[in-house]
Structure formats: structure tokens, C-alpha cells
Amino acid sequence: MKNFKTKIESSDSNEEFNFECFENTEPIEIGDPFLFFFAGIADVGKCFSENDKYEINPNDRVRDPSKIDLVTGFWQKCYKIKSTNFDLSLID
């Protein structure tokens, strides 16, 4: 499994934060922080519940062809954070 490293600039300041993340095939469990990308913006989140876990992990979802699945498009790029200098207590 490959990891990747990236720098992300804060929207509140000019500060940059370093992130090392697992591939998005690494399962995200309750309590795990993760990095996600949507519409060109990166954000940090935390898996707080079974519902979060179900939505965040693409391999956990059971597809229902009779329903429009907006969740898949939104959450398909979530990466479990391995290490960072960002203060993860801000997302608790």
C-alpha cells in the first residue's frame, strides 16, 4: 500500500500544513482523522459514527441501482491521515 505526502495551505492564514496519508483503499474507522477533496478544496474530517464510516469507505457501500447515490461522488476521495503537523484536536 502506497502513502502520499502533500502540503495544504490554510484558508484562514498563510500557514501550510504537511500531511502524510494512506491510499484511499485503507479503511477509515471510527475515531480516525481523514483528508478529503471536493471541488478542488481539501478539508480534514473525523469519522465519528457508523454512518460516517459507511459513507467514507467506498468499499463498504452496497449499491442500490434504484436510487441516485450522491454520497459516492462526494466521499470517493477520502484518505486516512498517517501523520500531520495540523492540530487534529480542532476537528473534535
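A trainee and a mentor talk through the predicted model shown above.

Trainee: Before we start, what should I know about the numbering and the values?

Mentor: This is a predicted model, where local features need pLDDT of at least 70, side-chain atom pairs count only at pLDDT 80 or more, and totals for chains, interfaces and linings use all residues. Residues are numbered from 1 along each chain as its sequence is written, and side-chain values use heavy atoms, with hydrogens and water left out.

Trainee: What makes the sheet an open one with antiparallel pairing, and what is the strand order?

Mentor: Strands here are DSSP runs of E, at least two residues long, while helices are runs of H or I of at least four, both numbered from the N terminus. Two strands pair if DSSP finds at least two bridges between them. The open sheet has 5 strands in the order β1-β2-β5-β3-β4, paired antiparallel. At its edges stand β1 (3-9) and β4 (41-46), each with a single partner strand, so one side of each has no neighbour in the sheet. From one strand to the next, the twist averages 40 degrees, taking axes as lines fitted to C-alpha atoms (for helices over the stretch in contact) and angles from 0 to 180 degrees between N-to-C directions.

Trainee: How do you know that β2 and β5 pair?

Mentor: Count the bridges: 3 of them join β2 (residues 16-22) to β5 (residues 78-84), and the rule asks for at least two, so they pair. Along this pairing, Glu20 stands opposite Ser83, and Phe19 has Thr84 as its bridge partner.

Trainee: And what makes β3 a partner of β5?

Mentor: Strand β3 (residues 33-38) pairs with β5 over 3 bridges, again in the antiparallel sense. Leu35 stands opposite Tyr79 there.

Trainee: Why is Cys78 called buried?

Mentor: Buried means under 20% relative accessible area, exposed means over 50%, and partly exposed is in between (1.4 Å probe, protein chains only). Cys78 has 3%, so it counts as buried. Cys21 is at 0%, so it is buried too.

Trainee: How do you know that Cys78 is in no disulfide?

Mentor: A disulfide is a pair of cysteine sulfur atoms within 2.5 Å. The structure holds 0 of them. For Cys78, the nearest cysteine sulfur is that of Cys47, and it is 9.6 Å away.

Trainee: What makes a set of residues a nonpolar core, and which residues are in the largest one?

Mentor: A core is a set of buried Ala, Val, Leu, Ile, Met, Phe, Trp, Tyr and Cys residues joined through side-chain atoms within 4.5 Å. The largest has 10 residues: Ile8, Phe17, Phe19, Cys21, Leu35, Val44, Tyr79, Ile81, Phe86 and Ile91. The elements giving two or more residues to this core are β2 and β5, and β2 has the largest share, with 3 residues. Another core, of 6 residues, lies apart from it and includes Ile28, Phe34, Phe36 and Ile56.

Trainee: Where is Val44, and what does it touch?

Mentor: Val44 sits in strand β4, and its relative accessible area of 14% makes it buried. Contact means heavy atoms within 4.5 Å. Leaving aside neighbours within four places in sequence, Val44 is in contact with residues including Phe19, Phe34, Leu35 and Ile91. The C-alpha atoms of Val44 and Phe34 are separated by 5.8 Å, though the two are 10 residues apart along the chain.

Trainee: Why is the pair Glu26 and Lys80 called a salt bridge?

Mentor: A salt bridge is a side-chain nitrogen of Lys or Arg within 4 Å of a carboxyl oxygen of Asp or Glu. For Glu26 and Lys80 the closest N and O atoms are 3.8 Å apart, so the pair meets that rule. Glu26 lies in the loop between β2 and β3 and Lys80 in β5, so the pair ties together parts 54 residues apart in sequence.

Trainee: How many salt bridges are there by this rule?

Mentor: The count comes to 3. Asp32 also forms one with Lys80, at 3.4 Å between the closest N and O atoms, and Glu26, Asp32 and Lys80 are linked in a network. Both Asp32 and Lys80 are buried. Glu29 forms a salt bridge with Lys53, with the closest N and O atoms 2.9 Å apart.

Trainee: Is Glu29 buried, exposed or partly exposed?

Mentor: Glu29 has 34% relative accessibility, so it counts as partly exposed.
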